[in-house]
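User: I should like a close look at a single part of this protein: one loop, followed outward to the elements on either side and to what they touch. Please give it as one connected account.

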Amino acid sequence: MTRPGDPSPDEDPVRIAPRVIGELTVRGESLAVAESLTGGLVVATLVGVPGASAVVRGGVVAYATPVKASVLGVSASLLAANGAVDPEVARQMAAGVRTALAVDGEPATWGISTTGVAGPDPQDGKPVGTVFVGIASADGAQAFALHLDGARDAIRQRTVSELLVRLFATLQSGE
């Protein structure tokens with residue numbers, strides 16, 4: 001449920017990020033980011049917020065498909081069967097980055113991820129604009145499908161906005 005003042009995916013991600021950082025700070029929680037098609041834009045947007053270092057552990061840009069398996073623990077057989085543009089890949093990336101960026105053996109509270117096709121060409125049989133974002137905590141991981149229009153940069157920016165809005169909504173729902 002959205003409330004007045006809640007962020008919208010149509011907003012510039014730079015306006016959404018402070019709300020996410022603020023909520024995580026109040027909760028005393030940490031965040032780790034795994035990115036593919038966004039290539040570091042999510043982390044860059046988050047760390048642009050003063051005080052982000054209190055909650056953002058870091059990010060892994062797993063642009064090459066094999067890195068999703070070798071660094072984030074995504075199932076190699078899943079990647080071979082479905083390719084990188086898949087909801088289960090997004091879930092496994094989000095879950096895997098929590099432990100990949102553990103501090104003193106403690107996983108990040110939250111892991112988030114992006115995988116998809118920004119263009120200009122289709123990938124893994126999926127059309128441009130097919131994107132999956134993942135959100136994971138100790139309670140499990142979920143993925144959200146996005147079907148975005150526009151040029152490559154617009155798809156990447158909209159992916160960042162959509163992911164941050166969904167994370168903020170998850171945090172607000174008390175999960």
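Analyst: D124 lies in the loop between β3 and β4, and this loop is the starting point for what follows. The model is predicted, and every statement below should be read with that in mind.

D124 has a positive phi, near 50 degrees, and is a residue other than glycine. Most residues other than glycine have a negative phi, and most peptide bonds are trans. With a relative accessibility of 40%, D124 counts as partly exposed, because that value falls between the 20% limit for buried and the 50% limit for exposed. The loop between β3 and β4 also holds P120. The peptide bond that joins G119 and P120 is cis, with omega at about 15 degrees.

A positive phi also appears on the other side of β3. D104, which is not a glycine, has a phi of about 50 degrees. D104 is placed in the loop between α5 (87-100) and β3. At a relative accessible area of 81%, D104 is exposed, because this is over the 50% cut-off.

The strand between these two loops is β3 (110-116). Seven of its seven residues are buried, and β3 is accordingly described as mostly covered. In a regular strand the side chains alternate between the two faces of the sheet. In β3, W110, I112, T114 and G116 point one way, whereas G111, S113 and T115 point the other way, and all of these residues are buried.

Strand β3 pairs with two strands. With β4 (residues 130-137) the pairing is antiparallel and extends over six bridges; within it, T114 stands opposite V133 of β4. With β1 the pairing is parallel and extends over five bridges; here A34 stands opposite S113 of β3.

Strand β1 (31-35) is itself joined by five bridges to β2 (residues 56-61), and these two strands run parallel. L31 stands opposite V56 in β2. Because five of the five residues of β1 are buried, this strand is largely enclosed by the rest of the structure. The cover extends to both of its faces: L31, V33 and E35 are buried on one side, and A32 and A34 are buried on the other.

S30 precedes this strand, in the loop between α1 (13-27) and β1. Its relative accessible area is 11%, so S30 is buried, being under the 20% limit. A polar atom of the S30 side chain lies 2.9 Å from the backbone nitrogen of T109. Beyond its neighbours within four places in sequence, S30 is in contact with V55, R57, P107, A108, T109 and W110. Of these contacts, W110 has already been named as a residue of β3.

W110 also leads to helix α6 (residues 152-172), where L167 is found. When residues up to four places away in sequence are not counted, L167 touches V20, L31, W110, I112 and I135. Both W110 and I112 are among the residues that point one way from β3, and L31 is one of the buried residues of β1. L167 counts as buried because its relative accessibility is 0%. L167 is also 10.0 Å from V133, C-alpha to C-alpha, although 34 residues separate the two in sequence; V133 is the residue of β4 that stands opposite T114.

T170 belongs to helix α6 as well. It counts as buried, because its relative accessibility is 7%. The side chain of T170 reaches the backbone oxygen of R166 at 2.9 Å.

The largest pocket brings the account back to β3. Its volume is about 180 Å³. Fifteen residues line it, and those that lie nearest its centre are S36, L37, Y63, G116 and Q123. The elements that give two or more residues to this lining are α3 (65-70) and β3. By character, the lining divides into six nonpolar, six polar and three charged residues. G116, named here near the centre of the pocket, is one of the buried residues that point one way from β3.

Terms used. Residues are numbered from 1 along each chain as its sequence is written. This is a predicted model: local features need pLDDT of at least 70, side-chain atom pairs count only at pLDDT 80 or more; totals for chains, interfaces and linings use all residues. Side-chain values use heavy atoms; hydrogens and water are left out. Helices (H or I, at least four residues) and strands (E, at least two) are DSSP runs, numbered from the N terminus. Buried means under 20% relative accessible area, exposed over 50%, partly exposed in between (1.4 Å probe, protein chains only). A polar contact is a pair of N or O atoms within 3.5 Å; within protein, one must be able to donate a hydrogen and the other to accept it, and residues adjacent in sequence count only if both atoms are side-chain atoms. Contact means heavy atoms within 4.5 Å. On a 1 Å grid over the protein atoms alone, a cavity is a set of points where a 1.4 Å probe fits but cannot get out, and a pocket is an open set with protein on both sides within 12 Å along at least five of seven lines; lining residues have an atom within 4 Å of a point. Grid points are joined across faces, edges and corners, and a volume is the space filled by probe spheres set on the points. Ala, Val, Leu, Ile, Met, Phe, Trp, Tyr, Cys and Pro count as nonpolar, Asp, Glu, Lys and Arg as charged, and the others, Gly among them, as polar. Two strands pair if DSSP finds at least two bridges between them.
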